[in-house]
Amino acid sequence: MSTAQDTGRVYALLADGVMVEIREATPGDCDAVQAMHAAMAPDNIYLRFFCYGKRSAEIEARRICQDPAPGTAALLALLDGELVGVASYSEEIGHPGEAEVAFAVADHMHHKGIATLLLEHLVSLARSRQISTFTAQALSENTAMLKVFADAGLPVQLHFANGVYQLAFPLPRDGDGTALATYLSAVAERESRADVASLRHVLAPESVVMIGASRRREAIGRVILENIRRSGYAGRLYTVHPRARQIDGDRCLPSVLDLPEPADLAVIAVPAPAVLGVAEQCGQRGVRSLVVITCGLDAGACADLLAVCRRHGMRLVGPDCFGVAVPALGLDATFAARPLRPGVAGVMSQSGGIGVALAGQLSQLGVGISSFASVGSKLDVSGNDMLMWWERDGVTRLAVLYLESFGNPRKFARTARRVGAKIPVLTVAAGHSAADQALFEQAGVIATRGFSELAETAALMATQPVPAGRTVAIVSNVAGAGMLAAGACTARGLRVHRPRGLTKRRLRALLPGGTVTGPVTTTAAISAGDFRRCLELLAADGVDAMIALILPTGASGDLLTAIRDADVRVPLAAVALDQAETVRLLPRPADGSQVPVYDVPGAAASALAHAARYGAWRTGPHGQVPSFPGIRAADARALVTDFLHGEPGGGWLAPGETADLLRCYGIPLADSPARDDTARDDAASDEAAGAEMTIGVTDDHVFGPLVVLDCGARAVRLTPLTDTDADALIGSADATARLLGHRAMAAAGREGLRELLLRVARLAEDLPEVTELSFRPVIARPDRAVAVDARVKVAACPPQDPFLRKLR
């Protein structure tokens, strides 16, 4: 995890969803800092300075606002331009790498998470500047500050003497996977709570104002207004129009400034040149969130719009979007042609048209929508925000995303992984890059190949339990259909169940003239009762899921009724070969559940395969980033820093520098005699040397470092790389290579290769300056993996912290 933030201003959310600005202190802030401290109650002054000194505020202000010196930093938190919090650290003399931290929060802003947020930003800044430990002093009665330290997610070392706690906090290092994971999980939990609190104004508004509704019924603003009215929204609805006194009998206000209250949500559908002025008025009136439908804003206008929203603390959906909808609240602030039905699927889409179509299909299916957001240009509210909302809304049972780009893919991956452990997360992977595919796989996102496949998979996962394994029982009253289903299942990594023992004997007695070896085929004239008993026998035979295929005949019973009434406790998908719809849901009155019914066997097999892979991911080990003893990260950083001092434009390290860098991470190279061309060729061609492949690192400006393994076929994974990720990377590359006819990798050679990949990933994670690294070739021997030659390219790179709690 690389660290540090932009030294300019950033915005972040407090525990209650209120937006604050965070920036470094400057000498020009001295008066404001002194005034904030001077206004503190005497008891709070004592807790901060251990005394009631009259000059404490003045002295502290000068310390905080001095010109930055090495080993020091000071951050301010501002709300609507008012200073509400201060945090600083100062490296201790004689103790390099240790810095004392101090905090102060305005009296009226206690218990809102300001100190915790500032601490997180100090941690990020300190890590980027090679500070390894924070220290602090707190009086025993300063319970609020002690709680901030205790809940931060950092390991705390305590020493108590004379009524004062001495605290030390080792900051998480990239190599310490457990400590870093603990800290990041604590940060993510706080971020999720704050984000959801801010989104309630968008997705659970108590008041809405429509700005831009026209007298023309075909105008977008008018359609949105009518949709809000028609959907039965029970909150307070206002309409703003500068000239009309009323629209369809409802009074219009001439300006947002005339609102009788600060609305939770403003929906803006005005011409592009008017958007900024309307947004500014919304901020002035205290509106808490915006949905900007308007398209045609250029990059400069978009930046100005976001700045207005940040300055006034408003969340923003859009611009260039279809709007938002929460059917259970009767809120349809979109210009869709048909209303959405309440349900359990959360849908977010960058493309408004695709999002509305997908939400409409899930609505018509009967899955229904918990909340819908078309985010358009995605200046603020994004997939990360919606995932956090769905994780906590108590309604959503599956999340559906249509993404065209990522703002912070590493945070998305971490968020999706956490949310996916609770509810399935689905997306369309068509047209995405290898990096996208790697992100989806590592995060457990169910990536379908197209719009139809996504809807078919969503129908299954919204209605059926997650399979516990990959064994599928197939039963059909048409032999050919059963064989097609079996082939589709096998091609997608599922195992077709073969009945044995007592179950096989019972099926043979039940189905004279049928086939009971698996897939099970009944006769075309089977009764509904016998088909139902067949399903129940197979479901109780240790299978993980079932596919029931039917073709009604004049001689058969009502087989759909048999499927509906069968007592089946495993995931069940049906196929009706005479069905016109691609997929529909069959109600089961006995328990209120539903069964997805598909039109072709392949669709059912595909949906079950996605569900089974998700189940395996959710219950399987997610792995850890290992800690390797002996890694000399500080020496490696010094080497790279020295090189860039001499070559500010970057470049390729010399062979000796490359070897020294790799030695810092315990990465073996072949012995020096093998580094001339002849020896290298001999090593690469020697069959006794094992499997030959290439390992590399490429820097993606969006995704960060990508670890690449090529053993006849190329596979990639994002850093940080866990041991499970490394195994998946090897398995993916090896499986693809075998499909292309290359030699399979010996199992004994995988251990050394796995360790090499993990060490390379650690290097790439520690040193974002490494923009390209190539081992060509790597020989995977039974005892170890050895790189015959290596090249490393570095370039200056401002450190970034993808997990820092801040808004886009």
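This is a short tour of helix crossings, salt bridges and one buried histidine in a predicted model.

**Stop 1: His-37**

Start by selecting residues 30–38, which make up helix α1, and pick out His-37 within that helix. Is His-37 buried or exposed? With a relative accessible area of 0%, His-37 is buried, since anything under 20% counts that way. Now show what surrounds His-37. Setting aside the neighbours within four places in sequence, His-37 is in contact with Ile-45, Phe-49, Ala-57, Glu-60, Val-86 and Ala-104.

**Stop 2: α4 and α5**

Next, select residues 114–128 for helix α4 and residues 143–151 for helix α5. Their axes come within 10 Å and cross at roughly 45°, so α4 and α5 are oblique to each other. Look at the handedness too: α4 passes α5 in a right-handed crossing.

Which residues meet here? On the α4 side, show Ala-115, Thr-116 and Leu-119; on the α5 side, show Met-145, Val-148 and Phe-149. Colour this contact by residue type and you get five nonpolar residues, one polar and no charged.

**Stop 3: a network of salt bridges**

Time for some charged side chains. Those of opposite charge can pair when their charged atoms come close. This structure holds 46 salt bridges, and the next few stops pick out some of them.

Begin with a group: select Arg-217, Arg-222, Glu-226, Arg-229, Asp-248 and Asp-250, and you have a set of residues linked in a network of salt bridges.

**Stop 4: α10 and α14**

Now go to another pair of helices, α10 (residues 352–365) and α14 (residues 451–463). The two axes come within 11 Å and cross at roughly 35°, and the crossing is right-handed.

To see the contact, show Ile-354, Ala-357, Leu-358, Gln-361, Leu-362 and Leu-365 in α10. Opposite them in α14, show Phe-451, Leu-454, Ala-455, Ala-458 and Ala-459. How do the residues of this contact divide by type? There are 10 nonpolar, one polar and no charged.

**Stop 5: Glu-453 and Arg-449**

While you have α14 selected, pick Glu-453 and add Arg-449. These two form a salt bridge, with the closest N and O atoms 2.8 Å apart. Switch on a surface and check each partner: Glu-453 is buried, with a relative accessible area of 11%, whereas Arg-449 is exposed at 60%.

**Stop 6: Arg-569 and Asp-567**

Move along to Arg-569 and Asp-567, whose side chains meet in a salt bridge at 2.7 Å, N to O. Arg-569 counts as exposed, at 69% relative accessibility, and Asp-567 counts as partly exposed, at 42%.

**Stop 7: Asp-723 and Arg-754**

For the last stop, select helix α23 (residues 723–739) and helix α24 (residues 750–766). Then show the side chains of Asp-723 and Arg-754, which meet in a salt bridge at 3.9 Å, N to O. Asp-723 lies in α23 and Arg-754 in α24, so the pair ties together parts that are 31 residues apart in sequence. What about their exposure? Asp-723 counts as partly exposed at 22% relative accessibility, and Arg-754 is partly exposed with a relative accessible area of 22%.

Note on methods
Residues are numbered from 1 along each chain as its sequence is written. This is a predicted model: local features need pLDDT of at least 70, side-chain atom pairs count only at pLDDT 80 or more; totals for chains, interfaces and linings use all residues. Side-chain values use heavy atoms; hydrogens and water are left out. Axes are lines fitted to C-alpha atoms, for helices over the stretch in contact, and angles run from 0 to 180 degrees between N-to-C directions. Helices (H or I, at least four residues) and strands (E, at least two) are DSSP runs, numbered from the N terminus. Angles under 35 degrees count as roughly parallel, over 145 as roughly antiparallel, 65 to 115 as roughly perpendicular and the rest as oblique. A crossing is left-handed if the near helix is turned anticlockwise from the far one by less than a right angle, and right-handed if clockwise. Contact means heavy atoms within 4.5 Å. Ala, Val, Leu, Ile, Met, Phe, Trp, Tyr, Cys and Pro count as nonpolar, Asp, Glu, Lys and Arg as charged, and the others, Gly among them, as polar. A salt bridge is a side-chain nitrogen of Lys or Arg within 4 Å of a carboxyl oxygen of Asp or Glu. Buried means under 20% relative accessible area, exposed over 50%, partly exposed in between (1.4 Å probe, protein chains only).
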